[in-house]
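Trainee: I would like to go through this model with you. Can we take it contact by contact, then strand by strand?

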Amino acid sequence: MYLTENNGYYYHRMKSIFCIILTALSVIAFSIKAGAQTVSLIITNPSDMQRHEVVEADLQTICRLLGVDTQTPLVVKNAIGQEIVCQKSYDGKLLLAVSMQPNGKATYTVRAGQGGTFESRVSGKVYHNRLDDLTWENDRGIYRMYGPALQRTGEKSYGTDVWVKNTPVLVAEERYRLHMLGWQQGDSLRKAGQKAEGDSVFMNHSFHLDHGYGMDCYAVGASLGCGAPALMKEGSLLFPYCYKECKILDNGPLRFTAELTYGTTAEGITEHRLVSLDKGSHFNRMTVWYDGIVETMSLASGVVLHSEDNVILGKDYVLYADPTDNPAVHQSQIYVGTVYPSGVDETIVYKGSKNHALGVVHTYRGEPYTYYFGSAWSNYDVPSMAHWRLVADEFLLSLKNKLSVSIERK
């Protein structure tokens with residue numbers, strides 16, 4: 001049968017089908033064209049140091065050049081076409097981990113598409129079953145800040161805790177699981193009159209002892225621990241208590257970020273912190289600010305001192321080799337420190353109920369202030385205090401000579 005105007009039904013039916021096919025082909029062609037678009041990220045190392053770090057590129061610019069929205073999944077490849085891990089951050093950045101030769105230049109390509117699955121090297125979580133601990137880690141170390149459930153117990157733990165590790169694998173969640181399991185089983189055995197067996201079970205599970213991949217052997221208590229901030233009044237530290245609210249903003253695979261709010265003091269001052277940790281870094285980035293400061297105060301940050309030895313007060317950092325909570329048993333050191341790329345007015349040893357090495361900014365009014373705090377372990381990749389000082393020196397240089405990123409349509 002021939003299709004003519006007289007076969008109205010069939011003619012219009014076929015015409016409609018033909019239009020649908022043309023529209024679909026146009027959509028497919030546009031999608032292929034859009035999918036084929038790529039953007040180049042050209043990264044330059046302005047320093048004469050070998051670099052391995054996470055860099056940021058503006059996500060909005062990349063997506064605009066690709067013709068997609070910022071929710072579209074992206075694929076990043078290196079110069080030989082090998083896909084590498086990337087992450088979109090809460091503040092509108094595309095993150096990627098790069099290795100750069102001294103004064104080197106590298107080009108990466110970005111396109112829209114669903115990428116592969118990569119193992120995360122950064123993660124964090126609030127452990128409500130462990131008194132609201134906020135614990136986060138990367139491939140270098142583990143950190144902990146204490147929450148409202150602990151504060152309700154009355155225990156005096158203020159500062160930032162450090163758990164050492166000697167593996168790039170994320171282990172914090174498994175440590176919590178085994179520790180709680182050992183505590184429960186050990187307690188049951190002790191209640192049944194089997195004290196020795198109960199103690200043995202707990203010892204074999206406790207995260208306070210090294211089972212081959214690190215432990216929690218850093219003493220915090222009523223101190224700043226490793227890197228917490230505190231206001232000073234008449235020369236005395238006003239220790240913060242546990243956080244009141246916590247919001248996790250980024251959670252791997254390359255960066256962890258959390259925002260914390262602390263309770264209002266009797267003076268009507270509220271503290272806020274934004275802390276982040278990148279893959280491969282020994283140092284966390286900390287931005288702290290306060291609401292309610294009426295008159296200028298001093299802002300301090302630093303590390304608690306458990307001995308008088310191995311303290312370095314630099315112009316823009318304080319470093320310390322901590323002997324651990326049981327040096328006779330552990331026979332290792334935890335290297336801790338705070339780094340100040342914007343500078344401080346002075347670095348001092350503060351004498352109080354607990355001594356500290358501090359960086360201090362005077363005439364502070366509550367505005368956001370950024371510094372870095374971090375750690376390393378002698379049983380992992382930083383074997384000595386001299387090495388730790390070199391790590392801090394190179395980290396400061398990297399902050400002052402940032403890798404540059406330019407974005408171009410390919």
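Trainee: Which residue's side chain does Asp 216 join in a polar contact of 3.2 Å?

Mentor: This is a predicted model, so local features need pLDDT of at least 70, side-chain atom pairs count only at pLDDT 80 or more, and totals for chains, interfaces and linings use all residues. Residues are numbered from 1 along each chain as its sequence is written, and side-chain values use heavy atoms, with hydrogens and water left out. A polar contact is a pair of N or O atoms within 3.5 Å; within protein, one must be able to donate a hydrogen and the other to accept it, and residues adjacent in sequence count only if both atoms are side-chain atoms. At 3.2 Å, the side-chain partner of Asp 216 is Arg 144.

Trainee: Is Asp 216 buried or exposed?

Mentor: Asp 216 sits in the loop between strand 12 (214–215) and strand 13 (226–233); strands (E, at least two residues) and helices (H or I, at least four) are DSSP runs, numbered from the N terminus. Its contacts (heavy atoms within 4.5 Å) include Asp 161, Trp 163, Arg 175, His 208 and Asp 325, not counting residues up to four places away in sequence. Buried means under 20% relative accessible area, exposed over 50%, partly exposed in between (1.4 Å probe, protein chains only). Asp 216 has 3% relative accessibility, so the verdict is buried.

Trainee: Why does the pair of Tyr 158 and Phe 239 count as stacked?

Mentor: Rings of Phe, Tyr and Trp (its six-membered ring) pair if their centres lie within 6.5 Å; planes under 30 degrees apart count as stacked, over 60 as edge-to-face and the rest as tilted. The structure holds 15 aromatic pairs. In this one the centres are 5.8 Å apart, and the pair is stacked because the planes lie at 25°.

Trainee: How many residues apart are Tyr 158 and Phe 239?

Mentor: Tyr 158 lies in the loop between helix 3 (148–153) and strand 11 (161–165), and Phe 239 in the loop between strand 14 (236–238) and strand 15 (243–251). Tyr 158 is buried at 14% relative accessible area, whereas Phe 239 is partly exposed at 25%. The pair links distant parts of the chain, with a separation of 81 residues.

Trainee: What is the geometry of the pair formed by Tyr 176 and Phe 207?

Mentor: Tyr 176 is in helix 4 (residues 172–191), and Phe 207 is in the loop between helix 5 (195–205) and strand 12. Both Tyr 176 and Phe 207 are buried. They belong to one aromatic cluster with Tyr 127 and Trp 163. The centres are 5.8 Å apart with 80° between the planes, which makes the pair edge-to-face.

Trainee: What is the strand order in the open sheet of five strands?

Mentor: Two strands pair if DSSP finds at least two bridges between them. Strand 1 (residues 39–44) and strand 7 (residues 105–112) are antiparallel over six bridges, with Ile 42 opposite Thr 107. Strand 3 (residues 74–77) joins strand 7 through four antiparallel bridges. The edges are strand 4 (83–84) and strand 26 (404–409), and the order is 4-3-7-1-26.

Trainee: How many residues of strand 22 are buried?

Mentor: Strand 22 (residues 334–339) is largely enclosed by the rest of the structure. Six antiparallel bridges join strand 21 (residues 317–322) to strand 22, and six more link strand 22 to strand 25 (residues 369–377), also antiparallel. Ile 334, Val 336 and Thr 338 point one way, and Tyr 335, Gly 337 and Val 339 the other. The buried count is six of the six.

Trainee: Which residues touch the most other members of the largest nonpolar core?

Mentor: A nonpolar core is a set of buried Ala, Val, Leu, Ile, Met, Phe, Trp, Tyr and Cys residues joined through side-chain atoms within 4.5 Å. The largest has 47 residues, and the members touching the most others are Trp 136 and Tyr 369.

Trainee: How many disulfides does the structure have?

Mentor: A disulfide is a pair of cysteine sulfur atoms within 2.5 Å. For Cys 86, the nearest cysteine sulfur is that of Cys 63, 11 Å away. For Cys 246, it is that of Cys 242, 12 Å away. The count is zero.
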